[in-house]
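Here is a protein model to look at, one piece at a time. Keep the picture open while you read.

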Amino acid sequence: MTYENITVERDGGVATLAINRPKALNALNSRTIGELLAAVGELADARVVVVTGAGEKAFVAGADIAEMAAMSRDEAFRFGEAGHRLMNAIEASERPWIAAVNGFALGGGCELALACDFIYATPNASLGQPEILLGVVPGFGGTQRLLRRVGIAKAKELIYTGERIGAEEALRIGLVDAILPMVDIRARAAKLAEKPPLALAAAKGVIQRGQSLPLDEALRLEAEAFATLFDSADQREGMQAFLAKRPARFEGK
């Protein structure tokens, strides 16, 4: 597809999706959200997706305030729903998504990162949910995903105060998984892309769905996924390669 506000590049099994509105610090307007949602479907054949921001300053500086300022209540509700559809689609994707946070990840940008499986930050990253300073609350899932990452007390502190935090503090509280230069983030993505796609998809699905289920139901979900993978060529290849002491070659079959 041809996009106006995002770019997509592929390198082997890794697809890199960049929000490309550097003059607006990659802010999420309605068009950009729509393009990102379309890209989730387009990238279903990638093994790993890295999402980042174009330019030197921002991952995503937030939702587009210039667009939001004139919204009515109903328009704001539809805008929030679009953001939720995007974040839910990323979580529901069978592929691992990595947020490569290169600069500002504020408001909707922080929420985009929170929807990903991993959040890696470059040393200059700055994260936060500053919506309170605009008289609103996070609208793309931040009130729920942030507390699941950092705990309810720290989530309340960040959301109530609108405070921005740097990469080191974000790492300390568990908001990011590591502080890395972009070259190392790409290396981690490439290494993850070597793993068996069916098993990765099963692991992501069980973890995502199981966290909201009673333990016995979640364990049943795991048992079913474990057994189902024994019908795959990747399972046979993985175990045969282990026994033969050679690298496995996974094909997603």
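The report below goes through the sheet, a loop residue, a surface patch, the salt bridges and the aromatic pairs.

## The sheet

Before we start, remember that this is a predicted model. Let's begin with the sheet: it is open and built from six strands, lined up as β1-β2-β3-β5-β7-β10. The pairing between them is mixed. At the edges you'll find β1 (6–11) and β10 (178–179). Each of these two has a single partner strand, so one side of each is left without a neighbour in the sheet.

Now follow β1 to its partner. β1 and strand β2 (residues 14–19) run antiparallel and are joined by six bridges. If you want a spot to check, look at Arg10, which stands opposite Ala15 in β2. The two strands make a hairpin, with two residues between them. In that turn sits Gly12, whose phi is positive, at about 65°.

Further along the sheet, the pairing of β5 (residues 97–101) with β7 (residues 118–121) goes the other way: these strands are parallel, with four bridges. Here Ala100 has Tyr120 in β7 as its bridge partner. As a rule, side chains in a regular strand alternate between the two faces of the sheet.

## A buried residue in a loop

Go past β7 and you reach Thr122, which lies in the loop between β7 and β8. Is Thr122 buried or exposed? Its relative accessibility is 7%, so Thr122 counts as buried, the cut-off being under 20%.

What is Thr122 in contact with, once its neighbours within four places in sequence are left aside? The list is Val101, Asn102, Gly103, Ala167, Ile179, Leu180, Met182 and Ile185.

## A nonpolar patch on the surface

Next, look at the surface. Ile65, Leu134 and Val136 make up a nonpolar patch there, and together they have about 270 Å² of accessible area. Val136 belongs to the loop between β8 (126–128) and α5 (142–150). With a relative accessible area of 44%, Val136 is partly exposed.

## Salt bridges

How many salt bridges does the structure hold? There are 12. One of them joins the side chains of Arg145 and Glu91, at 2.8 Å from N to O. This pair ties together distant parts of the chain, as Arg145 is in helix α5 and Glu91 is in helix α3 (residues 73–92), 54 residues apart. Arg145 is buried, at 12% relative accessible area, while Glu91 is partly exposed at 22% relative accessibility.

Another salt bridge stays inside one helix. Glu224 and Arg220 are the partners, and their closest N and O atoms are 3.2 Å apart. They are four residues apart in helix α10 (residues 215–228), which means about one helical turn separates them. Glu224 is partly exposed, with a relative accessible area of 38%, and Arg220 is exposed, with 55%.

You can also find Glu251 and Lys253, whose side chains meet in a salt bridge of 3.7 Å, N to O. Both of these residues, Glu251 and Lys253, are exposed. Finally, Glu4, Arg31 and Glu35 don't just form a simple pair: they are linked in a network of salt bridges.

## Aromatic pairs

To describe a pair of aromatic rings, people give the distance of the centres and the angle of the planes. This structure holds three aromatic pairs. In one of them, the rings of Phe118 and Tyr120 have centres 6.0 Å apart and planes at 10°, so this pair is stacked. Phe118 is partly exposed, at 31% relative accessible area, whereas Tyr120 is buried, at 8%. You've met Tyr120 already, as the bridge partner of Ala100.

Which way do the rings of Phe226 and Phe230 meet, stacked or edge-to-face? They are edge-to-face, with 5.1 Å from centre to centre and 65° between the planes. Phe226 is exposed, with a relative accessible area of 56%. Phe230, at 38%, is partly exposed.

Notes:
Residues numbered from 1 in each chain as written. Predicted model: local features only at pLDDT ≥ 70, side-chain atom pairs only at ≥ 80, totals over all residues. Heavy atoms only, no water. Pairing = 2+ DSSP bridges. Patch = residues over 30% accessible without salt bridge, like charges linked within 9 Å, V, L, I, M, F, W, Y side chains within 5 Å. Areas by Shrake-Rupley, 256 points an atom, 1.4 Å probe, with all protein chains shown as cover. Salt bridge = Lys/Arg side-chain N within 4 Å of Asp/Glu carboxyl O. Buried < 20%, exposed > 50% of the residue type's maximum accessible area, 1.4 Å probe, protein only. Contact = heavy atoms within 4.5 Å. Phe/Tyr/Trp six-rings, centres within 6.5 Å; stacked < 30°, edge-to-face > 60°.
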